[in-house]
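Visitor: I would like to learn how to read a protein model feature by feature. Could you take me through one slowly, giving the idea behind each feature and then the case at hand?

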Amino acid sequence: MFPIKEIRKDFPILSRKVHGKPLVYLDNGATSQTPIQVIDVIVDYYSNYNANIHRGVHNLSQEATDKYEEARHKIQNHFNAKHAHEIIMTSGTTESINLVAHGFASLLDKGDEIMVSALEHHSNIVPWQMLCEKTGAVLKVIHMNDEGELVLTEYSKLLSNKTKLVFVNHISNALGTINPIELIIEKAHQVGAAVLIDGAQACPHVKPDVQALNVDFYVASAHKMCGPTGVGMLYGKEAWLNKLPPYQGGGEMIADVTFEKTTYAGLPHKFEAGTPNICGGIAFGAAIDYLNAIGFDNIAAYEHELLEYATEKLMEIEGLKIYGTSKNKTSVISFNIEGIHPYDIGTILDKLGIAVRTGHHCAQPIMAYFKIPGTVRASFAFYNTKEEVDILVAGVKKAKMMLA
Ligand code: PMP
């Protein structure tokens, strides 16, 4: 049995009230909540060993450096990267993608092709459009079907020896679709293209093995994995990271600086200019420990139960339509009720203490496909319960009654 009662006790925020009602937090796709085990690590850092890392001889600096590098190793082990220096600490998924897009500016020629999917978050679209503007490369799009799945026959046809890079998300934030990334990676490699997988939505639910996937770049954010905001990671194969130029100039990323010439530090420091989010990085490591202690198989099985239960209950509401109906999906339900604006439903749910997201979810091309302004998105985590699903369903019924 999944120890849900014990797990909920780890999250202080889950016992607070909103508008006088117990909080029902179903906006985990936007950011996850933080367990006490991670909060304690943050408090410990600022209470006991807050110092800048890598350059201090004093004790505090050494302690902070050791803990920060220990966190890098935890991330390395979690994602099964071959080397710790293949893990670049960033401010999150968005920065990780921008880092790679910046680097590819020096590797692409006019007329080269790079490929995105129709299911992406804006942060996996816009940096590549900027790259195309800079280089004259052409952006191709893998389209999706009505279930919110990528059309793979089309993908195969779009690939050619002009394709240099393919970037898709592992799991869609707007619809919850789990993309067949193994196949996408394999096919891209057949034409010599590199692949970046945006794992922002996947990492709270699954444990990716970057070596088994043979992926070139994999990116994620700590704040969707029970860690703090403002920290994340980029995994890159050593050979690729050596090929890419530094992203930002500054302290930490250099070997030698003179006014005539600067030489750069080796991996991972070449990509880590300036003082990083030290506490955040250490807490990211603690969050990974926390999730692994529960176990990703347990998390996936429990969340699947919640998804099935919530889908069945919500479908009973007349006029409710769910977007993203792939059998391969994670615990995200995006829906609308005929004739009612999603924002209005979200506002009423909030008054009932229920936190959901409404809008385009930074995925406007998906909304354009379905010809809708946005959806209501309930995204479940392993600390949610069936009772909370019931509260959501009752809330949606109430909102429908008030607004229809
Ligand atoms: N990609 C996906 C699929 C996401 O869901 C998000 C966050 N909503 C991002 C990228 C961006 O992540 P961050 O804001 O943490 O950089």
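Visitor: Let me begin with helices that lie on strands: which strands does helix H5 lie across, and at about what angle does helix H5 run to S6?

Guide: Keep in mind throughout that this is a predicted model. To read such a packing, one looks for the strands that the helix lies across and then for the angle between the two directions. Helix H5, residues 126-135, lies across strand S5 (113-117), S6 and strand S7 (163-169), and its direction makes about 145 degrees with that of S6. Helix H7, residues 181-190, can be read in the same manner, since this helix lies across S7 and strand S8 (194-198) and runs at about 175 degrees to S7.

Visitor: In what order do the strands of the seven-stranded sheet stand?

Guide: A sheet is read by walking across it from strand to strand, and here the walk gives S4-S10-S9-S8-S7-S5-S6, in an open sheet with mixed pairing. Strand S4 (87-90) and strand S6 (138-142) are at the edges, and because each has a single partner strand, one side of each has no neighbour in the sheet. From one strand to the next, the twist averages 20 degrees.

Visitor: How many bridges join strand S9 to strand S10, and in which sense do these strands run?

Guide: For a pair of strands, one asks about the sense of pairing and then about the residues that stand opposite each other. Strand S9 (residues 217-221) and strand S10 (residues 232-236) run antiparallel and are joined by five bridges. Tyr 218 has Tyr 235 in S10 as its bridge partner, while Ser 221 stands opposite Gly 232 in S10. S4 also pairs with S10 in the antiparallel sense, over four bridges, and Ile 87 has Tyr 235 of S10 as its bridge partner.

Visitor: Is S10 mostly covered or mostly uncovered?

Guide: S10 is mostly covered, for five of its five residues are buried. One can also ask which way the residues point: Gly 232, Leu 234 and Gly 236 point one way from S10, whereas Met 233 and Tyr 235 point the other way, and all of them are buried.

Visitor: How should I read a single residue, for instance Tyr 264: where does it lie, and is it buried or exposed?

Guide: For a single residue, one takes its element, its surroundings and its contacts in turn. Tyr 264 belongs to strand S12, residues 262-264. Tyr 264 counts as partly exposed because 17 other C-beta atoms lie within 10 Å, where 20 or more would be needed for a buried residue. Leaving aside neighbours within four places in sequence, Tyr 264 is in contact with Pro 246, Met 253, Ile 254, Ala 255 and Lys 270.

Visitor: Why does Ala 286 count as buried?

Guide: Ala 286 counts as buried because it has 26 C-beta neighbours inside 10 Å. Ala 286 is found in helix H10, residues 278-294, and, not counting residues up to four places away in sequence, it touches Gln 37, Val 38 and Val 41. Distance along the chain and distance in space are separate readings: Ala 286 and Cys 226 are 60 residues apart in sequence and 9.1 Å apart in space, C-alpha to C-alpha.

Visitor: Which domains does the domain assignment give for the chain?

Guide: The assignment gives domain 1 (4-26 + 295-403) and domain 2 (51-293), and the centres of the two, taken over C-alpha atoms, are separated by 29 Å. Their contact takes 22 residues from domain 1 and 24 residues from domain 2. On the side of domain 1 that touches domain 2, helix H11 (296-315), strand S14 (332-337) and helix H13 (364-370) each supply at least two residues, and H11 gives the most, with four residues. The residues of that side divide into 11 nonpolar, nine polar and two charged.

Visitor: Finally, how many residues surround the ligand, and which are the closest?

Guide: A ligand is read through the shell of residues around it. Here 13 residues surround the ligand, and the closest are Gly 92, Thr 94, His 121, Asn 173 and Ser 221. By class, this shell has two nonpolar, 10 polar and one charged residues.

How values were computed: Residues are numbered from 1 along each chain as its sequence is written. This is a predicted model: local features need pLDDT of at least 70, side-chain atom pairs count only at pLDDT 80 or more; totals for chains, interfaces and linings use all residues. A residue is buried if 20 or more other C-beta atoms lie within 10 Å of its own, exposed if 12 or fewer, and partly exposed in between; C-beta atoms are placed from the backbone. Two residues are in contact if their C-beta atoms, placed from the backbone, lie within 7 Å. Two strands pair if DSSP finds at least two bridges between them. Axes are lines fitted to C-alpha atoms, for helices over the stretch in contact, and angles run from 0 to 180 degrees between N-to-C directions. Domain bounds come from an automatic or database domain assignment. Ala, Val, Leu, Ile, Met, Phe, Trp, Tyr, Cys and Pro count as nonpolar, Asp, Glu, Lys and Arg as charged, and the others, Gly among them, as polar. A residue is near a molecule or strand if its C-beta atom, placed from the backbone, lies within 6 Å of it.
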